[in-house]
Amino acid sequence: MAATDDLTIRATSDALLRAQAPRKKASMAQFIRWVLLFGGGILMVMPLAYMISTSMKFPWEVYEIGLIPEEPTLENYTYVLEDGRFFGWFINSLIIATITTLSALFFDSLVGYTLCKFKFRGRYIVFIAILSTLMIPTEMLVIPWYMMSQSFGWLDSYWGIMFPGLMTAFGVFLMKQFFETVPDDFLEAARIDGLNEFQIWWQVAMPMVKPALAALAIFIFLGNWTAFLWPLIVTTSPALYTLPVGLASYGDEADVAWELIMTGAAISTLPTLIFFLIFQRFIIRGVVMAGLKG
Amino acid sequence: MAVDPSAHDTTKAPNAPRWGLYGRLSVGQKRTIWAWTFLAVPILFYVIIRFYPTGNAMVLSFQDWNLLGARTWTGLDNYTRLFSDPVFWQVFRNTFAYLLLGTPISLVISFVIAYHLDQVRFMHGTIRALYFVPFMTSAVAMAWVWRWFYQDVPIGLFNNLLATVGIPQVRFLNSTTNALPSILAPAIWAGLGFQIIIFMAGLRAIPRTFYEAAKIDGVSTWTVLWEITLPLLRPTIVFIVVLSSIGFLRIFDHVFNMTSANPGGPLNSTKPLVLMIYQSAFSSFDMGYAAAQTVVLFVVLLIVSLIQLRLLKDR
């Protein structure tokens, strides 16, 4: 599935990343340029390399500057995971980011589709109203959200962490843009075939914007996986922390050693890193698509 | 993608009246009903979770409330108190320091890298991935990694490296002058990859014919860069500047996690507006005061975005 999506994305992203620069003559300048770029790239991943290497070092070696551990160990990981908290936070983050992503994908594309393909009075106002919420910073909403959560008993619950992100204005905007590329004839044909409007959206239009959905999914999942401010505010019991909140509280415990903090940081970073390494080209295309159309 | 099994239920004849009133409607009216049905839940969501809280925050900024007692009207008190609070002005300066250092630095670095990477073919994808990888990380995790780098000898990596080459120690996070740039560094680092990718897409979108024409005219590379590439990249540049400005004005995760022993310290020298909001609301429970700060943040973001959108229009 990834391969076909990759192809469709390639077709839709205006060939932006496909076009290669014309071949340059192998010259000294070109060689130096390559070396500097490559060196810079290595420098960019050094913090991550040190995070992983330190998470695999024994305490006696942690403050050595060598990157490769003399005696690599997974003991820090067993220690951190046996503690149980990180495992729980990992599961919390996974559940919350997954549900939020699915919800946002469903509703954002439904709204984007409706505003794009239905002509009715008021649709322009609805669109502008939704779009205008992009101007409102989350930070302005967290206090009222907290008040709401308090009066409805949503504090310290999955729902409390998730509800602000169940729909996104950015997604509506992005999906509306992409539904413009779906020809009306297809939808009309489905209508003649007797499909109702929901079926037309779900069975005909949605499969045609899969690359856009994938791009949006990456953005929303990553955003929720790394979200910090709201989960920090809405959770009070450690059992409900998400990974970032849990890591912050873990790091603040004075007696925790740096190699264990690095292990925690690695646990919260590795899933997205591995995902990136597998779907690299696909993710970069998605980012370009969402970034430029959005 | 999974298809809803019930969606296959197409046994009913097309356009047959299913139930009385609905059947008598015109196609256009039916579609309008469908549209509002689709929009019903989202509209409810946007009203309850976005618009109502926005109004609530604005109202609260004119009130005094400690989360437990009654909300009492205090007029402009929160704002006058805020504008006469020296900590607020310190925070305001810090917030703009993040913006005014972070945005230009990341813009220049990412453009230079994108410009050169665009002309490299050997291992192009690998190098691009190396620069992009930090974008996939969580700010909290990276804040803790960098916090460790910044520790004093014998703990921190940077000072250990300096020690091996015999350079005197640098105080990073516990110095009032060095702490803010030290916190900014990982924030810039994590965002570079995204900006590079967007810049490269912008560069690829410039038609080759421009460059070929310049080549025929014998124009220097430098002139091509200033006269063709940069002017044509203007929409990309404005886009990146807007996004990164908003990001730096809202910086929080890095500051909170790198200074959590004394958030915003030392001596408030790293405290950004969002951290002040967080502390006023959830440490001091001074909800009205915090709400007034969020309104200020909103106005600042609005002004900065409007200025930049204006620049985009002026093409």
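How much of the chain is helix over residues 31–52 of chain A, and how far apart are the end C-alpha atoms? Select that stretch to find out: it is 100% helix and 0% strand, with its end C-alpha atoms 31 Å apart. Keep in mind as you explore that this is a predicted model.

**Stop 1: annotated stretches of chain A**
The stretch you just selected is one of those that an unreviewed UniProt entry annotates as "transmembrane region"; the annotation also covers residues 86–112, 124–146, 158–175, 212–236 and 256–279 of chain A. Now pick residues 124–146 of chain A. Here the chain is 78% helix and 0% strand, and the end C-alpha atoms are 31 Å apart.

**Stop 2: chain B as a whole**
Color chain B by secondary structure and look for 14 helices and two strands. The radius of gyration of this chain is 27 Å, well over the 20 Å that the globule rule gives for 315 residues, so chain B is more spread out than a compact globule. Along the principal axes, its C-alpha atoms fill a box of roughly 90 × 75 × 45 Å. Of the 315 residues, 38% count as buried.

**Stop 3: annotated stretches of chain B**
For chain B, UniProt (unreviewed entry) also lists "transmembrane region" stretches, among them residues 33–52 and 224–252. Select residues 33–52 of chain B: the chain is 100% helix there, and the end C-alpha atoms are 26 Å apart. Then try residues 224–252 of chain B, where the chain is 86% helix and the end C-alpha atoms are 40 Å apart.

**Stop 4: helix 11 of chain B**
Zoom in on residues 234–249 of chain B, which form helix 11. At 1.5 Å a residue, its 16 residues should span 22 Å, and the end C-alpha atoms are indeed 22 Å apart, so the two agree. Show the side chains of its buried residues, including Phe239(B), Ile240(B) and Phe248(B).

**Stop 5: where the chains meet**
Display both chains together. In all, 80 residues of chain B are in contact with 80 residues of chain A. On chain B's side, helix 2 (residues 27–60) gives the most, with 17 residues. By class, that side has 57 nonpolar, 14 polar and nine charged residues.

**Stop 6: the nonpolar core**
Which residues have the most contacts inside the largest nonpolar core? They are Leu216(A), Val145(B) and Ile197(B), in a core of 166 residues. Helix 8 (residues 179–204) of chain B gives the most to this core, with 17 residues. Finish by centering on Ile197(B): leaving aside neighbours within four places in sequence, it is in contact with Ile284(A), Val287(A), Val288(A) and Phe132(B).

Notes
Residues are numbered from 1 along each chain as its sequence is written. Chains are lettered from A and ligands numbered from 1 in the order in which they are written. This is a predicted model: local features need pLDDT of at least 70, side-chain atom pairs count only at pLDDT 80 or more; totals for chains, interfaces and linings use all residues. Helices (H or I, at least four residues) and strands (E, at least two) are DSSP runs, numbered from the N terminus. The expected span of a helix is 1.5 Å times one less than its number of residues. A residue is buried if 20 or more other C-beta atoms lie within 10 Å of its own, exposed if 12 or fewer, and partly exposed in between; C-beta atoms are placed from the backbone. UniProt positions are given in the numbering used here, feature names are shortened, and annotations may be inferred rather than shown by experiment. A nonpolar core is a set of buried Ala, Val, Leu, Ile, Met, Phe, Trp, Tyr and Cys residues joined through C-beta atoms within 7 Å. Two residues are in contact if their C-beta atoms, placed from the backbone, lie within 7 Å. Ala, Val, Leu, Ile, Met, Phe, Trp, Tyr, Cys and Pro count as nonpolar, Asp, Glu, Lys and Arg as charged, and the others, Gly among them, as polar. The radius of gyration is taken over C-alpha atoms; the globule rule is 2.2 Å times the number of residues to the power 0.38.
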